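Let's take a walk through a protein together, one step at a time. Have a look at the picture and the sequence before reading on.

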Amino acid sequence: MRDLFWEATLETLYMLGLTIIFAGTLGLLLGILITVTGEGGILEQPLIYKICDVLINIFRSIPFIILLALLGGFTAWLVGTRIGSTAASVPIIVATIPFFARQVEIALLEVDPGVVEAAQAMGSSPWDIIVRVYLREGLPALLRVSASTVINVIGLIAMAGVVGGGGLGTVAIARGYNRNRLDIILVSTVLILLIVFISQMIFNLLIRLVTRR
């Protein structure tokens with residue numbers, strides 16, 4: 001079983017990496033958009049904010065297991081199959097984008113409004129305020145919400161194992177639960193927990209480095 005667990009761990013890390021890259025980028029952009037277009041934002045646009053806010057709330061409210069079924073056709077069209085690590089990554093990314101966007105909004109709203117107003121008074125452009133104020137001042141908070149998002153993603157990856165998504169979740173369900181092998185379930189759980197702990201340690205280190213600047 002050693003080779004099986006090793007392959008499943010790599011699949012889990014592969015799906016986690018894809019989600020971090022795509023959902024992290026799109027979620028960050030969406031989070032910035034709803035922050036600056038919201039009430040009192042530097043680019044206040046009520047209509048844009050309302051549309052984005054509604055879409056985020058809708059997709060965050062759909063249970064992940066149902067989202068897997070809803071996106072089956074889209075996933076097959078996009079990657080050519082509904083099973084496997086790459087296919088499972090599609091609904092995981094879709095589910096993570098609105099979750100992370102909301103977390104980004106919460107983190108950026110923690111930035112001192114006085115600093116934003118001072119930047120505006122000095123004639124800084126909206127782009128400069130986003131990069132030099134929101135992202136720089138809000139970096140510790142962004143890292144904290146990123147850590148919680150990554151842990152949430154690891155849980156989604158494990159849940160995708162129910163539909164043959166690959167990774168440790170599939171091993172735990174197909175080889176462990178379905179065959180009444182408690183030992184396989186336990187090893188899969190321990191490996192998932194190790195990934196969670198290592199991810200949290202990395203983010204804790206990054207947060208300490210950033211806050212010491």
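Is Arg102 buried or exposed? At 9% relative accessibility, Arg102 counts as buried. (Buried means under 20% relative accessible area, exposed means over 50%, and partly exposed is in between, using a 1.4 Å probe and protein chains only.)

Before we go further, some ground rules. This is a predicted model, in which local features need pLDDT of at least 70 and side-chain atom pairs count only at pLDDT 80 or more, while totals for chains, interfaces and linings use all residues. Residues are numbered from 1 along each chain as its sequence is written, and side-chain values use heavy atoms, with hydrogens and water left out.

Now zoom out. The protein chain has ten helices and zero strands (helices are DSSP runs of H or I with at least four residues, strands are runs of E with at least two, and numbering starts at the N terminus). Along its principal axes, the C-alpha trace spans about 65 × 40 × 25 Å. Of the 213 residues in the chain, 42% are buried.

What does the UniProt record say? Its unreviewed entry gives residues 9–203 the annotation "domain: ABC transmembrane type-1", and it places "transmembrane region" at residues 12–34, 54–77, 141–164 and 184–207. UniProt positions follow the numbering used here, feature names are shortened, and annotations may be inferred rather than shown by experiment. In the model, residues 12–34 are 100% helix, with end C-alpha atoms 31 Å apart. Residues 54–77 are 88% helix, and their end C-alpha atoms lie 26 Å apart.

Let's go inside. The largest nonpolar core has 28 residues, and Leu16, Phe64, Ile92, Ile154, Ile157 and Leu168 have the most contacts within it. (A nonpolar core is a set of buried Ala, Val, Leu, Ile, Met, Phe, Trp, Tyr and Cys residues joined through side-chain atoms within 4.5 Å.) Helices α1, α3, α5, α8, α9 and α10 each supply at least two residues of this core. Take Phe64: leaving aside residues up to four places away in sequence, Phe64 touches Pro91, Ile92, Ala95, Leu156, Met159 and Ala160, where a contact means heavy atoms within 4.5 Å. Apart from this core lies another, of 17 residues, including Ile32 and Val116.

Back to Arg102 and its charged partners. There are three salt bridges in total, each being a side-chain nitrogen of Lys or Arg within 4 Å of a carboxyl oxygen of Asp or Glu. In one of them, Asp53 pairs with Arg102, with the closest N and O atoms 2.7 Å apart. Asp53 lies in helix α2 and Arg102 in helix α5, so the pair ties together parts that are 49 residues apart in sequence. Asp53 is buried too, at 13% relative accessibility. Glu105 also forms a salt bridge with Arg102; these two sit three residues apart in helix α5, about one turn of the helix. Arg181 and Asp183 meet in a salt bridge as well, at 2.8 Å from N to O. Sharing partners, Asp53, Arg102 and Glu105 are joined into one network.

Finally, step outside to helix α10, where Leu209 is found. Leu209 counts as partly exposed, at 49% relative accessibility. Leu193, also in helix α10, is partly exposed at 38%.
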